[in-house]
Amino acid sequence: MSQKSNYLKSPDLLPISHEKRSIGPFGFAVIWVGMAIVLAAFAIGGGGIINLPLGMVILATILGSVAIGILMTIIGDIGVEHGLSFPVYMRAPFGTIGTHIPSIVRGVTAACWFGINTYFGSTAINAILNLLFGFDNWLLCFFFFAGLQLLNTSLGIKSIERFADLAAPIIILISCWMYVALSDKAIADGKDVWTWVESPVTGGAAFTAFMVIVMSNMGFWATLAADMPSLSRFFKAPKEERNWFKRNKTQLLGSIVVMPIVNTFMIIIGAVSYMAVSNADPVVALQEAASGFALGILLLMIVLAQWSTNTSANVIPAATIFSNVGGPKMPFWVGVVIAGIIGVIAQPWSLFEVLNSALLVIGGILTSIVGILFADYYLLRKRRVNVIDLYEPDGQYRYMKGINLAGFIAWIVGGVLANLLSSYSSIVGFVVGSGLYYVLAKYWWFKKYPQAEIEDPCDEKYLGITVSHDWYIDGAEEEATEIEDAIVERV
C-alpha cells in the first residue's frame, strides 16, 4: 500500500458502520441542549435588543434557527447514509487534495470557537472560585478548563453523550433560574422586558436589523451545518429505510425542534442581560443580579453549557479535520490537541466585541460550502456516492492533480458575494454556492472527469444504509474496527 493511499485511508476517517452508531434521537436532543447555550447566542440577543423589541428578536431567532437547522439535517444525511465525515465527503466537490483548504477553514473556525467558549466558561469558573475562596486568576482557570474539555473529547463520542445526559437537565433548570434573576433585575430598573428598546428603529432600518439577527443565527450555526456529517455518522438509523424523514428522525428532532427552542431561550437571556446591566455577557450580569449560593449555581450552568457545546460542536469537527490533513500518523487525539492550541493562540478574550460582525462573515463563507455540498450530494449525485474512490489516490475524485475547480470557483464567488451583501450573507452564500457549483460541475467539470455514480446511478452500488450497505475500505478493515471501537466505545 502506497503512502498516498495510506494518507487517504487514515483510520480516524473511515466510514462508521451501522452497528457502531450509538446516538439516538434522545441522545442527540440532550447534546443540543448543551450545544445551544453559547456565547454567540447571548451576544446576538444583546445586540438585537438595542434596535428591536424582544418579540421581534425572538421571531428573527426562530426563523434563522429553523432555517439553519433544516440545512444541518439535509447535509447531515451524508453521515447517516454513508457513515462519512465532512472532510472525507469534501473530496467529492473539492478533490482529494483540494478538500484540505475549505476543511482547514472550518477546522480553524471551530478551534477559535472552542477558545471563545472556553474563555467564557473560565470567567464563570473564576467567579465561582472567587466567591468561594477569594481566588482570582481567570487565565489559570482558562488552561484548566481547556485541558478538561480536550480530555473529555479524546475519550470519544460515547463519553461526550454521557456528559450531555448529565448536564442537559441541569442546564435547562438553571437557565430558567437565570432568566428570572436577570429579568427581575431589569424590571427593578424600570424596564419592561417585552417593550424596552435602547435605540428603536423603524422602516428599512428595522428590517435590516431584523435580518442581521436572522443571518447572525445562521452564521454561527453554519459552522456545524457544513460538517454535520462528522457528528451524524454516529446517529442510529434504520436499515433499508427509503423515507428520508424516518431515516433522519434523530437529526430532525435535535436540529429543527430542540435547537431552535433552546437557542431562542438563550437569545432571550442575552437580551435581558443587556437590559439588566447593559452587557450581554451573563457572567457579568449575574454577578450584579445575584449573590451567594444562587450566583454560584447560575455560574456553574454556564460552565457546563460551554463544556457540552465545545466537545460536540467544536473540538470533534476540528480534530477530525486536522486528522484528515495529517494523515494516518496523526490520530484523533492529536487533532484534539491541535484544536486546543489554535483556540488558545486565537486569544479569544479579545473577540467578544466583534462577534456579531464576525458571524456575518463566517456565515457567508461557510454557507457557500453548505450550498456546494447540497448541490453535489442531492442535485448531481442524488445521494449516491462512489465511497470506495474517496479513499483512492488515483480514483475519480483526483480530478486535476487532486483539485475540483468547480468547487473552488463556486466557493470563492459565493463567499465574496455573500460578504458584499452581509445583511443576507447566509442566504446569498447558499444560493450562489449551490447554483454556481451545479452549473459548473454538470456542464463543465464532470464532462472532463466523469463520475461513476452519476453515469450509472445504481442503488446497490452507491447507496449506503438505505440498501443495508456498510462501506468497508479495501486494505483498511482492521484499522476501521480499531478506530470505531476507539471513538465510539471508549469511555
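**Exercise 1. Classify Cys176 and Cys112 as buried, partly exposed or exposed in this predicted model.**

Step 1. Start with the value for Cys176, whose relative accessibility is 40%.
Step 2. Recall the cut-offs: buried is under 20%, exposed is over 50%, and partly exposed lies in between.
Step 3. Cys176 therefore counts as partly exposed.
Step 4. Now try Cys112: its relative accessibility is 22%, so this cysteine counts as partly exposed too.
Step 5. To round off the cysteines, look for disulfides: the structure holds zero.

**Exercise 2. Describe how helices α8 and α16 pack against each other.**

Step 1. Locate the pair: α8 covers residues 138-154, and α16 covers residues 332-345.
Step 2. Take the geometry: the angle is about 155°, and the axes lie 10 Å apart.
Step 3. Angles over 145 degrees count as roughly antiparallel, and the two helices are therefore roughly antiparallel to each other.
Step 4. Add the handedness, which is right-handed for this crossing.
Step 5. List who makes the contact: α8 brings Phe142, Phe143, Leu150, Thr153 and Ser154, while α16 brings Phe332, Trp333, Val336, Gly340 and Val344.
Step 6. Sort these contact residues by character: seven are nonpolar, three are polar and none is charged.

**Exercise 3. Sketch the chain as a whole: which secondary structure does it have, and what percentage of its residues count as buried?**

Step 1. Count the elements: the chain has 23 helices and zero strands.
Step 2. Turn to burial: 62% of the 491 residues count as buried.
Step 3. Finish with the contacts between residues at least 6 apart in sequence: 86% of them join residues at least 24 apart.

Note on methods: Residues numbered from 1 in each chain as written. Predicted model: local features only at pLDDT ≥ 70, side-chain atom pairs only at ≥ 80, totals over all residues. Heavy atoms only, no water. Axes fitted to C-alpha atoms, helices over the stretch in contact; angles between N-to-C directions. Helix = DSSP H or I, 4+ residues; strand = E, 2+ residues; numbered from the N terminus. Parallel < 35°, antiparallel > 145°, perpendicular 65-115°, else oblique. Left-handed = near helix turned anticlockwise from the far one by under 90°. Contact = heavy atoms within 4.5 Å. Nonpolar A, V, L, I, M, F, W, Y, C, P; charged D, E, K, R; others polar. Disulfide = S-S within 2.5 Å. Buried < 20%, exposed > 50% of the residue type's maximum accessible area, 1.4 Å probe, protein only.
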